[in-house]
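Biologist: Let us go through this structure one question at a time. Please keep the answers short.

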Amino acid sequence: MNTIIETQATGLANINCNSNSLSCHLYLDAFKVPLNIQDDIISETRKLKVANAGNIAKVLDKCYAI
């Protein structure tokens, strides 16, 4: 995995996007992630049964590949 993806995944896991999507948007905005990709990331993260850094990193990798 990419270091940036790992950093973002850890940050998003700590923020808990399921209960605090605005903070997740602000966090991703600091990395200059486009809004449509932010929406995809948060949507996919909410679908995870276990939202840990490893699973979120997979979501990020998938969403950035689009």
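Biologist: Which residues touch the most other members in the largest nonpolar core?

Modeller: Bear in mind that this is a predicted model. The largest nonpolar core has 15 residues. Those that touch the most other members are L12, I41 and L60.

Biologist: Which helix supplies the largest share of this core?

Modeller: Helices α1 (3–15), α2 (21–30), α3 and α4 (53–65) each supply at least two residues of the core. The largest share is five residues, and the helix that supplies them is α4.

Biologist: Is L12 buried or exposed?

Modeller: L12 is found in helix α1. Leaving aside neighbours within four places in sequence, L12 is in contact with C17, C24, Y27, L28, I41, I56 and L60. Buried means under 20% relative accessible area. L12 has 1%, so it is buried.

Biologist: Which residues does L60 touch, not counting residues up to four places away in sequence?

Modeller: L60 is one of the residues that touch the most other core members. Its contacts, with that sequence limit, are I5, Q8, A9, L12 and I41.

Biologist: How far apart in space are L12 and A53, C-alpha to C-alpha?

Modeller: In sequence, L12 and A53 are 41 residues apart. In space, their C-alpha atoms are separated by 7.5 Å.

Biologist: Which cysteines form a disulfide?

Modeller: The count comes to one disulfide. Its sulfur atoms are 2.0 Å apart, and the cut-off is 2.5 Å. The angle about the S-S bond is -110 degrees, a left-handed link. Both partners are buried. They are C17 and C24.

Biologist: Why is C63 in no disulfide?

Modeller: C63 is buried, with a relative accessible area of 4%. A disulfide needs cysteine sulfur atoms within 2.5 Å. The nearest cysteine sulfur to C63 is that of C17, so the distance that rules out a disulfide is 11 Å.

Biologist: Which side chain makes a polar contact with the side chain of Q38?

Modeller: Q38 lies in helix α3 (residues 35–47). At 2% relative accessibility, Q38 is buried. Not counting residues up to four places away in sequence, Q38 touches H25, L28, D29 and V33. The polar contact, at 2.7 Å, is with the side chain of H25.

Biologist: What is the geometry of the aromatic pair?

Modeller: A search of the whole structure finds one aromatic pair, formed by Y27 and F31. Y27 is partly exposed at 21% relative accessible area, and F31 is partly exposed at 35%. Their ring centres are 5.2 Å apart, with 65 degrees between the planes. Planes over 60 degrees apart count as edge-to-face, so the pair is edge-to-face.

Biologist: Which residue forms a salt bridge with K47?

Modeller: The whole structure holds two salt bridges. K47 is exposed, at 59% relative accessibility. Its partner also lies in helix α3, three residues apart, about one turn of the helix. The closest N and O atoms are 3.2 Å apart, and the partner is E44.

Biologist: Which residues do salt bridges with shared partners join into one network?

Modeller: E44 is partly exposed, with a relative accessible area of 22%. K62 also forms a salt bridge with E44, at 3.8 Å between the closest N and O atoms. That pair links distant parts of the chain, helix α4 and helix α3, 18 residues apart. The network is made up of E44, K47 and K62.

Definitions and conventions
Residues numbered from 1 in each chain as written. Predicted model: local features only at pLDDT ≥ 70, side-chain atom pairs only at ≥ 80, totals over all residues. Heavy atoms only, no water. Phe/Tyr/Trp six-rings, centres within 6.5 Å; stacked < 30°, edge-to-face > 60°. Buried < 20%, exposed > 50% of the residue type's maximum accessible area, 1.4 Å probe, protein only. Helix = DSSP H or I, 4+ residues; strand = E, 2+ residues; numbered from the N terminus. Polar contact = N/O pair within 3.5 Å; in protein donor to acceptor, adjacent residues only side chain to side chain. Contact = heavy atoms within 4.5 Å. Core = buried A, V, L, I, M, F, W, Y, C linked by side-chain atoms within 4.5 Å. Salt bridge = Lys/Arg side-chain N within 4 Å of Asp/Glu carboxyl O.
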